[in-house]
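Could you walk me through this structure in the viewer, one selection at a time? I am new to it and would like to know what to click on next and what I will find there.

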Amino acid sequence: MTAQAIAVLDLVAVFVFAVSGAILAGRRGLDVFGMFVAAFVTGVGGGTVRDVLLDRPVFWLGDGRYLAAALAATALVFVAGARVERINRPLAWADAAGLAVATPLGVAAARVEGVDWPIMIAMGVVTATFGGMIRDVLCREPPMILHREVYATAALGGAAVNVVVAAATGDPWAAVAACAATVFAIRAGAIVFGWKAPGWRGGA
Amino acid sequence: MTAQAIAVLDLVAVFVFAVSGAILAGRRGLDVFGMFVAAFVTGVGGGTVRDVLLDRPVFWLGDGRYLAAALAATALVFVAGARVERINRPLAWADAAGLAVATPLGVAAARVEGVDWPIMIAMGVVTATFGGMIRDVLCREPPMILHREVYATAALGGAAVNVVVAAATGDPWAAVAACAATVFAIRAGAIVFGWKAPGWRGGA
Amino acid sequence: MTAQAIAVLDLVAVFVFAVSGAILAGRRGLDVFGMFVAAFVTGVGGGTVRDVLLDRPVFWLGDGRYLAAALAATALVFVAGARVERINRPLAWADAAGLAVATPLGVAAARVEGVDWPIMIAMGVVTATFGGMIRDVLCREPPMILHREVYATAALGGAAVNVVVAAATGDPWAAVAACAATVFAIRAGAIVFGWKAPGWRGGA
């Protein structure tokens, strides 16, 4: 994958995560400024943490399109308003879409840096989950990454599929498609069927 | 602006933000150690995130004066105690002062790095708002940056004024003064008059 | 201290902090995936912030043993389950152990970078306290660093002892031992006797 293709995927991931941030902020009664702040922080949060950890330039610095993506997401959610809320669990689905796009993106960004495969997987998970984590902490929601069933695990599974497919086929786009499909399928299953692992009550 | 002048402004911003952190911690019933931790993290938080994003040395490492500023702010709030609470909305005003000082500071620090003007504006907003965001999350308050009217927007407006005035006059100090005045005027108006933008209820 | 010895200490600190993260997540009713996420983030959080601030490579990138340590901690807490809860304040004690191991570690990592002693002390405190801070914020607990008596102060005291002993004896291991003992003794005293500093009610 070229740096150009990664930048486009980044833009898509920022947009859908920003939608999830604006929805949560809107639902909490914030005004349009608060919705935008939540949208931007959610949109760029995961990739920012990834870039800081890998010690590479933060992806949205020096590229106004990411700001524009967050503005567009805020405008869309603000205007669509009550209609968005009529969708079944709009926040969970926007977040699942972000997760599916951001995971292969994090893996690809780490591959460009020439790191080993476990770090690629870790960066896929970080890129996919940290924006939503910051969104939930700021909006004082129980963090999805801790409380929703099979969440970080979906990103982890998809990132592993990405690494395996890339090694087996040598085709980075096949790896991205397989990764995104895996993440989205696992999260969709968890949202629809409420998949859940045991906790202390069941485990002790 | 020289690096020396930026360091002095940094010190002022750290002090007033530290005052806001100590006030919130004190109000929440924390002991003097908790007040100091909240003061320090609030004081240096925004500038730290800015420096990490710009990949430059973190400003308070290797300079004990920032620690001293947070200690002084804690001591002041601790001793003044109930008297501080008699001021009308002391936390909001200390925070507004921090916002007004930190915004031009973030812009100036980014300018020293030779980045483009949108990044200067973004760094002004980050420097001004992230300390208070961390303070509110740690103290489990609804984050001002999301819930208060015209908050990040005040920093954004001031940072834009900074860039425009600096380009028009070539005088960095005029830009700093115009920026700080803009930020403080917008926040003061929002605190006094309760300016508010529409949210989902009004928008859908 | 060699880099190798620091890596081993890092592993111990990650493990005990991960135990504290898994306990808090388990107590909050999270499933085993959520427990693991809390364990990992708590385990590596402090050292990660330290490495980012010092602008050195993040310690757990490229070393799978840290992931293994967090997995082992999660498995231990999950299997031990109810038995862990019968221990008196298991979370506070696991956290105290992490604090005692992580403080000298943060000082040593900063010393390797050749920084001045105040930065060594600051890095000791950051390494020791930030993992637990992230754990508490994610699990929506009142952060120990703000609400527990003599918490950051224990790390601060231990880090100061570390610097003094290292300068006086030239023996890094004596410094580590004295530091860990100091931190643990102060925290144990605070847990057992409930040491507490005055706050606003007592101070104004």
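Here is a short tour, from one whole chain to one helix, then to a contact and to the copies.

**Before you start.** This is a predicted model, in which local features need pLDDT of at least 70 and side-chain atom pairs count only at pLDDT 80 or more, while totals for chains, interfaces and linings use all residues. Residues are numbered from 1 along each chain as its sequence is written, and chains are lettered from A and ligands numbered from 1 in the order in which they are written.

**Stop 1: select chain A.** You will find 10 helices and 0 strands; helices (H or I, at least four residues) and strands (E, at least two) are DSSP runs, numbered from the N terminus. Turn the chain around: its C-alpha trace spans about 50 × 45 × 25 Å along the principal axes. A compact globule of 204 residues would have a radius of gyration near 17 Å, and chain A agrees, with 16 Å. That radius is taken over C-alpha atoms, and the globule rule is 2.2 Å times the number of residues to the power 0.38. Of the 204 residues, 60% count as buried, that is, with 20 or more other C-beta atoms, placed from the backbone, within 10 Å of their own.

**Stop 2: select H3(A).** Its 17 residues should span 24 Å at 1.5 Å a residue, and the end C-alpha atoms are indeed 24 Å apart; the expected span is 1.5 Å times one less than the number of residues. Now colour the buried residues of H3(A), among them Tyr66(A), Ala70(A), Val77(A) and Phe78(A). Just after the helix, click on Gly81(A), which takes a positive phi of about 45 degrees.

**Stop 3: show chain B beside chain A.** How many residues does each chain bring to the contact? Chain A gives 22 residues and chain B gives 23 residues, where two residues are in contact if their C-beta atoms, placed from the backbone, lie within 7 Å. On the chain A side, helices H1 (3-27), H2 (32-53), H3 (64-80) and H6 (117-138) each supply at least two residues. The largest share, 6 residues, comes from H2(A).

**Stop 4: add chain C.** A turn of 120 degrees and a shift of 0.0 Å along the axis lay chain C on chain B with an RMSD of 0.0 Å. The two copies are thus related as by a three-fold rotation axis. The superposition is by least squares on the C-alpha atoms of residues with pLDDT of at least 70 in both.

Key: A residue is buried if 20 or more other C-beta atoms lie within 10 Å of its own, exposed if 12 or fewer, and partly exposed in between; C-beta atoms are placed from the backbone.
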